[in-house]
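Please look over the sequence and the model below with the charged side chains in mind, since the paragraphs that follow are concerned with how such side chains pair and where they lie.

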Amino acid sequence: MWPALERSWREVLDLALRSEATGWDGVWVADHFMVEEPLEDQEDVLEVWGTLAGLAAATSRITLGSLVCSVTYRHPAVLASAAVTCDHISSGRFILGVGAGWQENEHRAYGFELGDRKTRSDRLEESCQAIRGLLENESWTGQSRHFEFEEAPRYPKPVQGKLPLLVGGKGERRTLRTAALYADWWNAWVDAEALRHKRRILREHCEEVGRDPDEVSCSTQAFLCLSEDRDVQRDFVGRAGRRPTLMGSVEAVIDQVGKLHEAGAKELIIPDWTYESLSRRDDELNQFISEVVLSVRA
């Protein structure tokens, strides 16, 4: 489950508790300071780490994670410290998701350097190396183009032993290679055909760096519309835009989810951003978990 942080804290918390009670495996939240629309259309946005810490304290079973934190405005030392703290609060239920950054308007508004594609890719790889070093060593010394560490002491050990690192992004030459080098999970917005292709590229990178490809699990996400009503579908498509969707009857969505599973998705994340009616959202998500997910798992 992926609640929009433009919602109130109470709404985000209620969805997380409802998800835990109805059998969902995890709750993920994005890391943004503002919505993607122009500044005059700005909506309030909750901060990712305060939200995750609150959810970690309020829940008891579901996995929690960032999807994803941008390394353009999150130093790897800050990310590693926040992640291990959330891991302790949640008793070992946390996954740290990071990405290269992309949303131009928030970088411009707050004065963060976004950089060109190469700069973003370099910074992501260097951040992942540093995060691994900080979380898995007694101290970490390392120097790269963007970061320098000198005998930086380790944080408290993660409760779960090794805190999973997720790398988000679709870039085949750099992002997937970074995932092959450092990630336990790779995530991107892709349909089944693209997922199969990207996993093949990821496997090639893993082989090149001497890593077992099965060590990197894959997840993806898609907007959901469990309805055969043409008017409802038309409105949904307008809200979802060009991102992957699951749409139609229960049987049709079961088939779509099955194709993603066959393509290699170990986890499917459903954002709630397209729902204006929370009651409709809750009804549809309950139907999805009780009818679609149970059928696919069987």
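How many residues apart in helix α1 (residues 9-22) are Arg 10 and Asp 14? In this predicted model, the two are four residues apart in that helix, which means that about one helical turn separates them. They form a salt bridge whose closest N and O atoms are 3.6 Å apart, with Arg 10 partly exposed at a relative accessible area of 49% and Asp 14 likewise partly exposed at 38%.

A comparable arrangement can be followed in helix α9 (residues 250-263), where Lys 259 and Asp 255 are four residues apart and thus separated by about one helical turn. Their salt bridge has its closest N and O atoms 3.5 Å apart, and both partners are partly exposed, Lys 259 at 44% relative accessibility and Asp 255 at 42%.

Another salt bridge joins the side chains of Asp 122 and Arg 145, at 3.6 Å from N to O. This pair links distant parts of the chain, 23 residues apart, with Asp 122 in helix α5 (residues 117-136) and Arg 145 in the loop between β5 (139-143) and β6 (148-153). Asp 122 is buried, with a relative accessible area of 11%, whereas Arg 145 is exposed, at 57%. The count for the model comes to 25 salt bridges.

Turning to unpaired charges, Glu 6, Glu 36, Glu 37, Glu 43 and Asp 44 gather on the surface in a patch of negative charge. Among them, Asp 44 lies in the loop between β1 (26-29) and α2 (48-58) and is exposed, with a relative accessible area of 68%.

Technical notes:
Residues are numbered from 1 along each chain as its sequence is written. This is a predicted model: local features need pLDDT of at least 70, side-chain atom pairs count only at pLDDT 80 or more; totals for chains, interfaces and linings use all residues. Side-chain values use heavy atoms; hydrogens and water are left out. Patches are made of residues with over 30% relative accessible area and no salt bridge: like charges are joined within 9 Å, nonpolar side chains (Val, Leu, Ile, Met, Phe, Trp, Tyr) within 5 Å. Accessible areas come from the Shrake-Rupley method with a 1.4 Å probe; for residues, only the protein chains shown count as cover. A salt bridge is a side-chain nitrogen of Lys or Arg within 4 Å of a carboxyl oxygen of Asp or Glu. Lys and Arg count as positive and Asp and Glu as negative; His and the chain ends are not counted. The place of a charge is taken as NZ of Lys, CZ of Arg, CG of Asp or CD of Glu. Buried means under 20% relative accessible area, exposed over 50%, partly exposed in between (1.4 Å probe, protein chains only).
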